[in-house]
Amino acid sequence: MRTTDIAADFGALGEEFTRDPYPVYAGLRARGPVHRVRVPEGAVGWLVVGYEACRTALTHPALSKSWRDASPDLPLTRLSAGENLLSSNPPDHTRLRRLVAREFTTRRIEELAPRVAALTDALLDAMLAGADGRADLVDALAFPLAMGVICELLGVPSLDRAAFREWAEDALSSPDQETRAAATASMTRYLVAMVAEKRGLPGEDLMSALIRTTDEAGDRLSPDELIGMAWLLLVTGFETTVNLIASAVLTLLRHPEQLAALRFDPGLVDNAVEEVLRYEGPVETTTYRFTTAPVEIGGVTVPGGGELVLVALADADRDPARFPAPQRFDIRRPAGGHLAFGHGIHYCLGAPLARRQARTALTALLTRCPHLALAADPARLPWRQGLLIRGPRHLPLTWHPTPAPT
Ligand code: HEM
């Protein structure tokens, strides 16, 4: 392959790819670990596939997260507000991560656990009370749970959830640059007002703690960094978790023998969630990286000078070199080592919270709905667009026992 050839044009691949992108990634992997591709927004960049190559890319010192390192020729719109962990490199990243890690502690997550359980139960009460015995799991449980938990964690109960949901989906998944930019601008305006309000009325929540926090050396988050942190925690906090819950339920329903095994032994839930993360993780390719020097991975050299690089986590976790028979969904396999939460210094800060919500939601749903079934043709479900977030946009379910044939 000449490295100037475009190996895949993701904007042109259409619905089939959105529904099932794995064969395309596997086809690329069969030809090598790094490929020149066109992303749906139109920019040309490089895609890394395969487990080892992805791990290498995620820790490569010449792959920058800062938009200051992006080539000015790239037709891309920056999606985040303020400065945040995912748009910074050491030493700025080290400093930001230290300041947020002081407050985003295991204890804070553990204290949320009873609230996660109570919210799940209340949402299931409402869902199961519905007259016709059918509901969209995304609207009835996955979205309100993930959003409710993150709002509670941050202490922003009055957040306009419907508006935020739409902006986040547009900003992260729309192929149209103008739609993405407009949604990001609306979200930023909203967050500036929200942080200002929080300053005036602090509480015990994470956002108030981040406003107050000062480390031993007197360092604290600047106003711009606070906006960035609010953006990152809110958006990454619910966008991903919604899809983990929805994909977990869909994948189990599509593998009835695995669902039966989990019903038989509910203790398998932790491993089942790990296997869903591996098999159908919510982050398909990572957030953007930019080269600050030539980067050599698996014999291919990506030039320096701000070239765009994406890391295909979805493919890494289906690489047979790391996971035997990777296309088999098996809730008993040792699923550890998957890259669904990333790897290296940007490893997901919210992983324990996401796992907690998925385990709680799955256990409660299966306990309360012994006759759960899909109420739609799985081949026709609408999926999230774009390369970043993966998951069904809607998941129609029914929970009434099928009448026995007479
Ligand atoms: C299933 C749910 C989740 C998945 C699959 C997920 C996945 C990821 C991935 C892949 C990254 C690294 C991105 C990269 O290197 O480009 C990341 C980073 C991050 N995630 Fe998550 N995430 C989830 C839930 C959450 C939640 C619930 C929160 C917060 C409440 C959160 C907060 C963050 C933050 C702050 C970072 C940036 C860390 C850094 O740059 O140091 N995530 N996540």
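## Ligand shell, cavities and sheets

An oxygen atom of the ligand sits 3.4 Å from a polar backbone atom of Ile345. The model is predicted. This report starts at the ligand, then turns to empty space and the sheets.

**The ligand and its shell**

Two side chains also make polar contacts with ligand oxygen. Arg97 places a polar side-chain atom 2.6 Å from an oxygen atom of the ligand. For Thr287, an N or O atom of the side chain is 2.6 Å from a ligand oxygen atom. The table sets these contacts out with the one from Ile345.

| Residue | Part of the residue | Distance to a ligand oxygen atom |
|---|---|---|
| Arg97 | polar side-chain atom | 2.6 Å |
| Thr287 | side-chain N or O atom | 2.6 Å |
| Ile345 | polar backbone atom | 3.4 Å |

The ligand has 30 residues around it. The nearest of them are His93, Arg97, Thr287, His346 and Cys348. By type, the shell holds 17 nonpolar, 10 polar and three charged residues.

Which helices each supply at least two residues of the shell? They are helix 4 (92-103), helix 10 (223-253) and helix 14 (351-368). Helix 10 contributes the most, with six residues.

The ligand also carries an iron atom. What is its only protein donor? It is Cys348, through SG, at 2.3 Å. Cys348 is also among the residues that come nearest the ligand. This cysteine is located in a loop, between helix 13 (313-316) and helix 14.

**Pocket and cavities**

Rolling a probe the size of a water molecule over the atoms reveals where space is left empty. Here the largest pocket encloses about 330 Å³. Its lining consists of 22 residues. Gly14, Glu15, Thr18, Gln385 and Gly386 lie nearest the pocket centre. The lining of this pocket divides into 10 nonpolar, five polar and seven charged residues.

Cavities were searched for over the whole structure. Three have a volume of 30 Å³ or more. The second largest cavity has a volume of about 60 Å³. Its lining includes Tyr22, Leu277, Arg278, Tyr279 and Glu280. Gly281, Val283 and Leu313 are also in that lining, as are Ala314, Asp317 and Ala340. Seven of the lining residues are nonpolar, one is polar and three are charged.

Helix 12 (269-280) and helix 13 each give at least two residues to the lining of the second largest cavity. Helix 12 supplies the largest share, four residues. Helix 13 thus appears twice in this account: it helps line the second largest cavity, and it borders the loop that holds Cys348.

**Sheets**

Strands of a sheet pair through backbone hydrogen bonds, in a parallel or an antiparallel sense.

One open sheet has six strands, in the order 1-2-3-9-6-4, and its pairing is mixed. Strand 1 (8-9) and strand 4 (63-64) are the edges, each pairing on one side only. Inside this sheet, strand 6 (residues 289-291) and strand 9 (residues 308-311) run antiparallel and share two bridges. Arg289 has Val309 of strand 9 as its bridge partner.

Another open sheet is built from three strands in the order 5-11-10, with antiparallel pairing. Its edges are strand 5 (134-136) and strand 10 (373-374), each paired on one side only. Strand 5 meets strand 11 (residues 396-398) in the antiparallel sense, through three bridges. Which residue of strand 11 is the bridge partner of Ala135? It is Leu397.

Methods:
Residues are numbered from 1 along each chain as its sequence is written. This is a predicted model: local features need pLDDT of at least 70, side-chain atom pairs count only at pLDDT 80 or more; totals for chains, interfaces and linings use all residues. Side-chain values use heavy atoms; hydrogens and water are left out. A residue is near a molecule or strand if one of its heavy atoms lies within 4 Å of it. A polar contact is a pair of N or O atoms within 3.5 Å; within protein, one must be able to donate a hydrogen and the other to accept it, and residues adjacent in sequence count only if both atoms are side-chain atoms. Ala, Val, Leu, Ile, Met, Phe, Trp, Tyr, Cys and Pro count as nonpolar, Asp, Glu, Lys and Arg as charged, and the others, Gly among them, as polar. On a 1 Å grid over the protein atoms alone, a cavity is a set of points where a 1.4 Å probe fits but cannot get out, and a pocket is an open set with protein on both sides within 12 Å along at least five of seven lines; lining residues have an atom within 4 Å of a point. Grid points are joined across faces, edges and corners, and a volume is the space filled by probe spheres set on the points. Donors are N, O and S atoms within 2.8 Å of the metal (3.2 Å for Na, K and Ca); water is not among the atoms, so sites may look incomplete. Two strands pair if DSSP finds at least two bridges between them.
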